[in-house]
Amino acid sequence: MTGWRDRFSRMTGRTRFVVCRLFIHLAGQEVAPLLGVVNRSARQAIDAEGDLKILGEGLVEICQSLLQYDEYWLSAANEGDVFWDEGEASDYFNALFTDSAERYLSEPDVDASASEFDQPLSLPVTRNVVVMITVAYEGEVPELETDLSNVSALKNGLKAIINLHYQENLQAIQVHFSPAQLGDELTNDQLLQHFPELLPL
């Protein structure tokens with residue numbers, strides 16, 4: 001994400017915007033409860049009507065839960081870009097939002113209650129969950145602006161996102177996940193078809 005244009009713009013004192021997206025794929029029957037955490041955050045985000053502080057608190061909870069589920073991480077990917085124009089950063093953020101929202105089974109069930117995800121399930125339980133986190137921030141965070149397709153780097157990236165919230169440097173947040181609805185299953189074949197960028201950890 002760095003280059004001569006990056007260095008020149010930094011010298012001239014322009015604001016540096018970064019937009020990045022992380023994909024984390026978790027596998028195993030034990031990962032289904034994570035859907036309760038992300039669905040609860042999704043409902044809170046809707047109720048917050050764009051309040052970045054509340055969105056950030058939900059993001060912190062999701063990142064902390066992902067860190068607790070690290071033994072179930074199976075693959076991951078990340079992408080992003082640096083911008084010196086806020087409008088261009090916003091356009092890229094919106095493009096990633098659209099792409100994440102269109103991913104297979106990523107439409108959340110905001111009417112489901114949190115308890116539905118915490119109780120023993122009679123519905124099919126998915127063995128694969130993909131969480132997509134996209135953030136925009138000002139400044140430079142090396143832990144997010146590198147290849148995150150290894151466990152150590154991914155842990156550092158999630159911790160960096162948490163820090164961005166507490167440092168109040170987050171400018172925009174979005175979280176998508178697949179499957180997003182109780183009872184939906186994401187099979188291995190669907191995973192390969194709809195999330196081709198994932199790399200084994």
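Glu-185 is partly exposed, with a relative accessibility of 41%. You will find Glu-185 in the loop that links strand 4 (170-178) to helix 7 (188-194). Bear in mind that this is a predicted model. From Glu-185, the tour moves on to a charged surface patch and then to the pairing of strands.

**Around Glu-185**
- Glu-185 and Val-125 lie 60 residues apart along the chain, yet their C-alpha atoms are separated by 6.7 Å.
- Because partly exposed covers the range between 20% and 50% relative accessible area, Glu-185 falls into that class at 41%.

**The negative patch**
- On the surface, a patch of negative charge brings together Asp-85, Glu-86, Glu-88, Asp-91 and Glu-138.
- Helix 4 (residues 86-102) supplies the largest share of this negative patch, with 3 residues.
- Asp-85, another member of the patch, sits in the loop between strand 2 (73-83) and helix 4.
- The relative accessible area of Asp-85 is 36%, so Asp-85 is partly exposed.

**Strand pairing**
- Strand 2, which comes before the loop holding Asp-85, pairs with strand 1 (residues 17-27) in the antiparallel sense over 10 bridges.
- Within that pairing, His-25 has Ser-75 of strand 2 as its bridge partner.
- Strand 2 also runs antiparallel to strand 5 (residues 199-200), and 2 bridges join them.
- Ser-75 turns up here too: its bridge partner in strand 5 is Pro-200.
- Ser-75 is thus a handy residue to look at, with His-25 as one bridge partner and Pro-200 as another.

Notes:
Residues numbered from 1 in each chain as written. Predicted model: local features only at pLDDT ≥ 70, side-chain atom pairs only at ≥ 80, totals over all residues. Heavy atoms only, no water. Patch = residues over 30% accessible without salt bridge, like charges linked within 9 Å, V, L, I, M, F, W, Y side chains within 5 Å. Areas by Shrake-Rupley, 256 points an atom, 1.4 Å probe, with all protein chains shown as cover. Salt bridge = Lys/Arg side-chain N within 4 Å of Asp/Glu carboxyl O. Lys, Arg positive; Asp, Glu negative; His and termini not counted. Charge placed at Lys NZ, Arg CZ, Asp CG, Glu CD. Helix = DSSP H or I, 4+ residues; strand = E, 2+ residues; numbered from the N terminus. Buried < 20%, exposed > 50% of the residue type's maximum accessible area, 1.4 Å probe, protein only. Pairing = 2+ DSSP bridges.
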